[in-house]
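Subject: Structure for you to look at

Dear colleague,

I am passing on a structure, and below it I have written out what was found, with the terms explained as they come up. Please keep it open while you read.

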Amino acid sequence: MDKCNNCARNCKIDRKKTYGYCKANNLCKIAKVMTHYWEEPIISGHSGSGAIFFSNCNLRCVYCQNYQISHNGIGIEISANELAKIFQDLENSGVHNINLVTPTHYVDQIIEALKIYKPSIPIVWNTNGYESTGTIEKIRDYIDIYLFDLKYYDSNISKKYSDASDYFETASKNILFARNIIPTDIITNGLMQKGIIVRHLVLPNNTNDSINILKWIKEYIPNTIISLMSQYVPYYKANNYTEINRKLNKLEYKRVLSMCQDLNLNGFMQDMDSADEIYIPNFNED
């Protein structure tokens with residue numbers, strides 16, 4: 001923790017003394033623990049996914065729907081022992097898996113907690129993809145399912161919305177590395193036990209970027225399950241960017257879906273009504 005390189009920003013700061021770009025110090029901070037029914041069907045199933053939303057973020061997109069925790073850092077600090085107890089409580093509640101949401105900057109604390117208590121149900125690494133390959137290597141013996149975002153292809157777009165011009169280079173490398181670790185998905189009774197899902201949120205006025213991502217997936221990981229999301233709602237600072245200050249329209253999403261079908265890729269789609277605030281967790285609740 002004295003020279004943090006958990007993510008691609010490679011700050012090398014001493015997190016025991018100061019905060020990095022992710023606004024995180026050496027303590028683990030969480031914003032919400034809940035049974036999540038709105039992940040992909042092979043993750044949520046009928047009993048839900050045991051989601052732990054970690055506070056702060058190493059990417060902090062300008063339009064983030066969870067800005068209360070990613071930018072504003074709502075949450076409470078807990079020990080590794082307390083986190084391990086949360087794992088156990090969620091498992092005992094009957095959820096299908098433990099879902100670590102935006103976990104990258106707390107990878108060391110998470111590993112410590114998993115050494116204290118490793119649930120018998122799958123552990124999901126639910127990530128924006130912008131971590132160091134070293135972090136993927138660190139967690140390989142603890143993680144069963146990688147739920148990757150692949151947000152951008154164009155470096156100008158990723159720089160504009162996430163201050164990360166090397167986003168695609170980094171995230172794509174991590175996805176390929178993880179695919180090498182888990183070459184084959186294991187799905188039993190409609191639930192993923194081991195594997196990889198690549199998520200992509202289609203942004204308004206950015207369908208060309210989405211199509212380039214689909215073409216990359218077809219070329220390099222054609223058998224990987226993808227999740228094409230239409231749930232974009234303009235949040236936080238999106239009103240500063242005219243081109244994304246609205247919801248996605250049907251024609252835009254249809255264009256991306258059509259390309260997905262043309263490329264014969266396998267995965268999930270969303271109804272357009274998924275772009276609704278009712279699906280966004282309330283982080284002001286206990």
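The largest cavity has a volume of about 130 Å³, where a cavity is a set of points, on a 1 Å grid over the protein atoms alone, at which a 1.4 Å probe fits but cannot get out, and where a volume is the space filled by probe spheres set on the points, with grid points joined across faces, edges and corners. It is lined by 15 residues, of which Cys 4, Cys 7, Cys 11, Tyr 21 and Cys 22 are the closest to its centre; a lining residue has an atom within 4 Å of a point. By class, this lining has six nonpolar, seven polar and two charged residues, and here Ala, Val, Leu, Ile, Met, Phe, Trp, Tyr, Cys and Pro count as nonpolar, Asp, Glu, Lys and Arg as charged, and the others, Gly among them, as polar.

Please bear in mind that this is a predicted model, in which local features need pLDDT of at least 70 and side-chain atom pairs count only at pLDDT 80 or more, while totals for chains, interfaces and linings use all residues. Residues are numbered from 1 along each chain as its sequence is written, and side-chain values use heavy atoms, with hydrogens and water left out.

The count comes to two cavities of 30 Å³ or more, and the second largest holds about 40 Å³ of space. Its lining consists of Lys 151, Tyr 152, Ile 157, His 200, Leu 201, Leu 203, Asn 206, Asp 209 and Ser 210, with strand 8 and helix 8 each supplying at least two of these residues; helices (H or I, at least four residues) and strands (E, at least two) are DSSP runs, numbered from the N terminus.

There is also open space to consider, and the largest pocket has a volume of about 1,200 Å³, a pocket being an open set with protein on both sides within 12 Å along at least five of seven lines. Of the 48 residues that line this pocket, Glu 39, Gln 65, Arg 199, Met 229 and Gln 231 are the closest to its centre. Among the elements that each supply at least two lining residues are helix 1 (41–44), strand 5 (123–127) and strand 8 (191–201), and the lining divides into 23 nonpolar, 16 polar and nine charged residues.

Helix 8 returns in a helix pair: the axes of helix 8 (residues 207–220) and helix 9 (residues 250–262) come within 10 Å and cross at roughly 15 degrees, the axes being lines fitted to C-alpha atoms over the stretch in contact, with angles running from 0 to 180 degrees between N-to-C directions. The two helices are therefore roughly parallel to each other, since angles under 35 degrees count as roughly parallel, over 145 as roughly antiparallel, 65 to 115 as roughly perpendicular and the rest as oblique.

In a second pair, the axes of helix 3 (residues 80–93) and helix 4 (residues 107–116) come within 8 Å and cross at roughly 60 degrees, which makes helix 3 oblique to helix 4.

Best wishes
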